[in-house]
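Here's a structure to look over together. Take a moment with it before the questions start.

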Amino acid sequence: MSSFSNLLIPAVLFFALGVIARVIKSDLRFPPDLAKVLSIYLLMAIGLHGGYELGKADLATAMNAIFWALILGFSMPIIGYLTLVVTRKVSPMDAAAISAHYGSVSAGTFLTAIAFLDNSQVTYESYPLIMLAVMESPAIIVGLLLAAMARKQLAAKNPKPADLDDDNGGTKFSSLLHEAFTNGSVVVLIGSMVIGAISQPSGIEKLKPFIDDIFMGALCLFLFEMGMEAARRIKEFKKVGPVLAIFGVVMPIIGGVVGALVGVMVLDFSVGGATLVAVLGASASYIAVPPAMRLAVPEANPSFYLTLSLGITFPFNVLVGIPLYYWFVQYLVGT
Amino acid sequence: MANLYPHKLVNIISLDVLQDKLAEMFRRHGVSGYTIIRVRGEGGSGEVAGTLDFEANIMVKVIVPEEKLQRLLDGLQRQIDKGYHLTIFVSDVEVISPEKFSTPFK
């Protein structure tokens with residue numbers, strides 16, 4: 001029961017309000033680009049905050065956290081891909097695009113978990129924040145490789161004439177790698193962390209109203225809008241069908257369990273820190289990965305991966321997953 | 001008195017993420033320039049409200065002399081064959097400075 005009452009935090013309630021506003025067909029509209037502005041702000045604030053903490057942290061632990069973030073980032077999409085292929089409900093292209101979303105991470109879910117921990121007065125390490133930055137890109141690369149494999153198999157079955165004046169595959173792939181690593185949110189997050197780590201403490205102190213005091217309010221606004229976006233996606237629930245919808249709930253649970261095990265057993269984090277690692281394992285990207293997949297895997301159906309990551313997994317994690325992973329981590333630590 | 005010269009206006013409705021790809025293609029085809037407008041609407045891909053990055057749509061407008069049209073359309077067709085969702089329509093327009101539309105940009 002105690003974990004249920006933790007749902008009654010303003011950020012989560014605003015998410016629910018966004019969903020309700022959409023369901024009752026309210027005429028509420030957020031100005032264009034607000035979500036973009038807020039997500040830049042949120043990443044910048046959390047980056048400065050975490051970078052400042054990390055400046056004082058232990059380098060070996062940080063490197064170990066980065067190493068495990070890479071392992072999670074590269075292996076989660078493969079687990080997702082194999083699971084999807086077994087269901088036989090989607091084409092290999094769709095499976096590749098969907099699994100890239102599940103290997104990558106959602107900063108929105110991560111921040112909600114921070115709000116949850118703050119609200120429960122649970123402390124947490126700042127290392128999961130670097131893991132958030134690191135885990136954004138590897139899954140995109142794995143997704144692209146899986147899609148390239150699937151494309152090759154398809155091409156072997158029914159060969160097509162080669163493109164004449166078109167961009168060839170090789171240059172395209174390198175530009176996609178460039179995109180994966182220079183993605184806007186990665187630049188904002190890592191850049192802010194470096195600034196936070198090397199700035200003078202007195203300078204960071206002056207920024208406190210910006211990075212601490214208004215942070216939760218901005219998160220409420222962001223989740224308010226994301227609630228509306230998620231609800232808009234739930235409409236398309238019918239299109240994805242029950243098997244994929246179940247995947248949208250089961251996959252984050254698998255990721256959450258793997259993340260919790262890594263956080264507790266391998267990285268030896270506190271309950272708060274390990275919960276954050278579990279959330280990283282469980283969350284699915286809906287900001288960085290969709291554009292990359294739209295560009296690089298046009299054969300995949302966007303309504304599958306958007307409905308799954310934004311319409312099913314994101315609300316599941318915000319409302320059910322985070323308390324669940326917290327409970328699981330407590331259980332692991334307790335035994 | 002200024003004269004009018006017939007040209008073709010190619011309108012492309014596409015995803016925001018394809019912007020660089022299209023620009024690169026125009027450059028290869030020696031197009032004189034292009035104009036982009038952010039748009040939103042609803043169609044085969046559902047509602048595109050433009051609130052989030054990944055579902056913002058753009059309308060790209062390109063004016064070309066008639067002899068360049070077919071090759072450009074073929075190039076666009078190849079993108080559609082690859083799976084990209086592009087809505088393309090062409091209309092007749094008249095311009096007053098044809099030399100402007102025959103000089104490739106950059």
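What follows is a short chat about a sheet, a bent helix and a single residue.

Reader: How are residues and chains labelled, and what kind of model is this?
Author: Residues count from 1 along each chain as its sequence is written, while chains are lettered from A and ligands numbered from 1 in the order written. Local features need pLDDT of at least 70, side-chain atom pairs count only at pLDDT 80 or more, and totals for chains, interfaces and linings use all residues, since what you're looking at is a predicted model.

Reader: In what order do the 4 strands of the open sheet in chain B sit?
Author: Strands here are DSSP runs of E, at least two residues long, and helices are runs of H or I, at least four long, numbered from the N terminus. Two strands pair if DSSP finds at least two bridges between them. In this open sheet the pairing is antiparallel, and the order is β2-β5-β1-β6 in chain B.

Reader: Which strands are at the edges of that sheet?
Author: Look for strands that pair on one side only. In chain B, those are β2 (35–39) and β6 (87–95).

Reader: Which residue of β5(B) is the bridge partner of Arg38(B)?
Author: β2(B) and β5(B) (residues 57–64) run antiparallel and are joined by 5 bridges. One of the pairs in β5(B) is Ile37(B) with Met59(B). For Arg38(B), the partner is Ile58(B).

Reader: Which strands does helix α1 of chain B touch?
Author: Contact means C-beta atoms, placed from the backbone, within 7 Å. Helix α1 (residues 19–28) packs on the sheet of chain B, and the strands it touches are β1 (5–15), β2 and β5.

Reader: Where does α17(A) bend?
Author: Helix α17 (residues 302–334) of chain A has 33 residues, yet its end C-alpha atoms are only 42 Å apart, short of the 48 Å for a straight helix; that expected span is 1.5 Å times one less than the number of residues. A bend is the angle between axes fitted to the seven residues ending at a residue and the seven starting there. For α17(A) it's about 55°, at Asn317(A).

Reader: Is Ala150(A) buried or exposed?
Author: Ala150(A) sits in helix α8 (residues 138–157) of chain A and touches Pro92(A), Met93(A) and Ala96(A), leaving out residues up to four places away in sequence. A residue is buried with 20 or more other C-beta atoms within 10 Å of its own, exposed with 12 or fewer, and partly exposed in between. Ala150(A) has 22 within 10 Å, so it's buried.

Note on methods: Contact = placed C-beta atoms within 7 Å. Axes fitted to C-alpha atoms, helices over the stretch in contact; angles between N-to-C directions.
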